[in-house]
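Work through the exercises below with the sequence and the 3D structure open. Try each task before reading its solution.

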Amino acid sequence: MTSYSDNFERNFETKAIRTQAERSQHGEHSVPIFATSSFVFQDAEEARARFAGETEGNIYSRFSNPNNDEFIQKLCLLEGTEDGMAMASGMAAMFTSIASFVNAGDHVLASRSVFGSTHQILTQVLPRWGITHTYVDINHPETWETAIRPETKMLFLETPSNPALDIIDLEFAGQLAKKHGLILNVDNCFATPYLQNPAKYGAHIVTHSATKLLDGQGRTVGGAVLGTSEMIEKVRFFARHTGPAMSPFNGWILSKSLETLAIRVERHCENALKIAQELENHSAINWIKYPFLPSHPQHEIAKKQMRLGGSMVSFELKGGVERGRKFLDAIQMLSLTANLGDSRTIVTHPASTTHSKLSPEDRNEVGITDGLIRISVGLEHVSDILADIQQALHVSGQ
Ligand SMILES: *Cc1c(COP(=O)(O)O)cnc(C)c1O
């Protein structure tokens, strides 16, 4: 059996497939699900040594489990990080990755267009413990340095951003974090480790919602916190005692999902690029944004740090909120749902759904205009995806 470390020098696809937990005495080819809450010790000494942290091994599935370990070992090899921990959801990962490090009085610097619930953590949850934040403007990184205070502990970023698909220069962010001794934490959910590895640019922590492309079939909720050994030691302590553990069943699903990550993400990106190119000059839309279209404002940065342009396409429909609603109603095959990164293409209209409670001014601040449509491009045949979008553009204009 290949041990985890043997895969270190192998290629992405091979690491994703050939990183496996040890086989049991049954010699199974596929890893079984370790549906157990605890693990047995051979004797008193083994129990003592494990609890003391002197020997490796599982104790209790809130701390670790072979399925979650396999998922995390794989993900670490793919991201180029030293260690990690599986989490029950992407938000468990985001919260744990911040809360493991900040103390009362500390300050977090974050890019403005973070995921909705991350925004709630920063603005509603952490202030209850005296932890403040400042949002920096993605499009003006030269202003970030002035926002750093003596009590600033962490720089939290998301690139590409949701749903505006803005791109942050990770090399710049890595240098800024290093210069000021900040912990750089990057939510790499939209890109996945196949397209971008923030650790290469100096990110100390890389977070994921595994619910999205890592699983890729919209069937489980999960997350991960990855990073340097030093960082993950703190994360492990915090998580072991606060309990955001992933279920072994989800760990098993996600480890299997990673086997096809490269091939899936490649096709997602190929489909997304074709759709972006086809719609770019459509008369019903004001603009379209896709990181690998030359018209994207940060196209050069995207090309520098991403292998391909990703699975998300955003465009602004002419005719505002009303046309957006009509467009959704005219969609025939694609899914109207809140998820992304699924094999099935998903269409959302943030202004009338996820972000409808925000004022138009607040929406504008995060790049959500009234007619903004976000497409999570799936793995159906690209001409069928395109045909549904095009007929809905036509019908919504009538
Ligand atoms: C979905 C998402 C999350 C939250 O993940 P869950 O698995 O839904 O908890 C965090 N960040 C980004 C960028 C996401 O898309």
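**Exercise 1. A pair of strands**

Which residue in β9 does Lys289 stand opposite?

Solution. The model used here is predicted. Step 1: find the two strands. β8 covers residues 285-289, and strand β9 covers residues 312-317. Step 2: look at how they are joined. β8 and β9 run antiparallel and are linked by four bridges. Step 3: read across from Lys289. The residue opposite Lys289 is Ser314 in β9.

**Exercise 2. The sheet around that pair**

State the strand order of the open sheet that contains β8 and β9, and explain which strands are at its edges.

Solution. Step 1: write down the order. The four strands follow one another as β8-β9-β11-β10, with antiparallel pairing. Step 2: find the strands with a single partner. These are β8 (285-289) and β10 (346-348), so each has one side without a neighbour in the sheet. Step 3: describe the twist. On average, neighbouring strands of this sheet are turned by 20° against each other, direction ignored. Step 4: add the helix. Helix α12 (residues 320-330) packs on the sheet, where it touches β9, β10 and β11 (372-376). The direction of α12 makes about 125° with that of β9.

**Exercise 3. Two helices, α12 and α14**

At what angle do α12 and α14 pack, and which residues make the contact?

Solution. Step 1: take the angle and the distance. α12 and helix α14 (residues 382-396) pack at about 130°, and their axes are 8 Å apart. Step 2: classify the angle. Angles over 145 degrees count as roughly antiparallel and 65 to 115 as roughly perpendicular, so α12 is oblique to α14. Step 3: give the handedness. The crossing of α12 with α14 is right-handed. Step 4: list the residues. α12 contributes Arg323, Lys326, Phe327 and Ala330, while α14 contributes Ile389, Gln391, Ala392, Leu393, Val395 and Ser396. Step 5: sort them by class. In the contact of α12 with α14, six residues are nonpolar, two are polar and two are charged.

**Exercise 4. The seven-stranded sheet**

Give the order of the seven strands in the other open sheet, and name the edge strands.

Solution. Step 1: write down the order. It is β1-β7-β6-β5-β4-β2-β3, and the pairing is mixed. Step 2: pick out the edges. β1 (83-87) and β3 (132-136) each have a single partner strand, so one side of each lacks a neighbour in the sheet. Step 3: examine one pair inside the order. Strand β5 (residues 183-187) pairs with strand β6 (residues 205-209) in the parallel sense over three bridges. In this pair Val186 stands opposite Val206 in β6. Step 4: place the helices. Helix α6 (residues 170-180) lies across β4 (152-158) and β5, and runs at about 155° to β5. Helix α8 (residues 229-242) also packs on the sheet, touching β1, β5, β6 and β7 (223-227).

**Exercise 5. The loop between β4 and α6**

Which peptide bonds involving Pro160 and Pro163 are cis, and where do these prolines lie?

Solution. Step 1: identify the bonds. One cis peptide bond joins Thr159 and Pro160, with omega about -5°. Another joins Asn162 and Pro163, with omega about -5°. Step 2: locate the prolines. Pro160 is in the loop between β4 and α6, and Pro163 is in the loop between β4 and α6. Step 3: check Leu165 in this loop. The phi of Leu165 is near 60°, which is a positive value in a residue other than glycine.

**Exercise 6. Helices α3 and α9**

Is the crossing of α3 and α9 left-handed or right-handed?

Solution. Step 1: find the helices. Helix α3 (residues 66-79) and helix α9 (residues 248-258) have axes that come within 7 Å and cross at roughly 35°. Step 2: give the handedness. The crossing of α3 and α9 is left-handed. Step 3: name some of the residues. Among them, Phe71 and Leu75 in α3 and Trp252 and Leu254 in α9 belong to the contact. Step 4: sort by class. The contact of α3 with α9 has seven nonpolar, four polar and two charged residues.

**Exercise 7. Two domains**

How many residues of domain 1 are in contact with domain 2?

Solution. Step 1: set the bounds. Domain 1 spans 12-258 and domain 2 spans 262-396. Step 2: read the contact. 32 residues of domain 1 touch 35 residues of domain 2. Step 3: add the distance. The C-alpha centres of the two domains lie 27 Å apart.

Conventions. Residues numbered from 1 in each chain as written. Predicted model: local features only at pLDDT ≥ 70, side-chain atom pairs only at ≥ 80, totals over all residues. Heavy atoms only, no water. Pairing = 2+ DSSP bridges. Contact = heavy atoms within 4.5 Å. Axes fitted to C-alpha atoms, helices over the stretch in contact; angles between N-to-C directions. Domains from an automatic or database assignment. Left-handed = near helix turned anticlockwise from the far one by under 90°. Nonpolar A, V, L, I, M, F, W, Y, C, P; charged D, E, K, R; others polar. Parallel < 35°, antiparallel > 145°, perpendicular 65-115°, else oblique.
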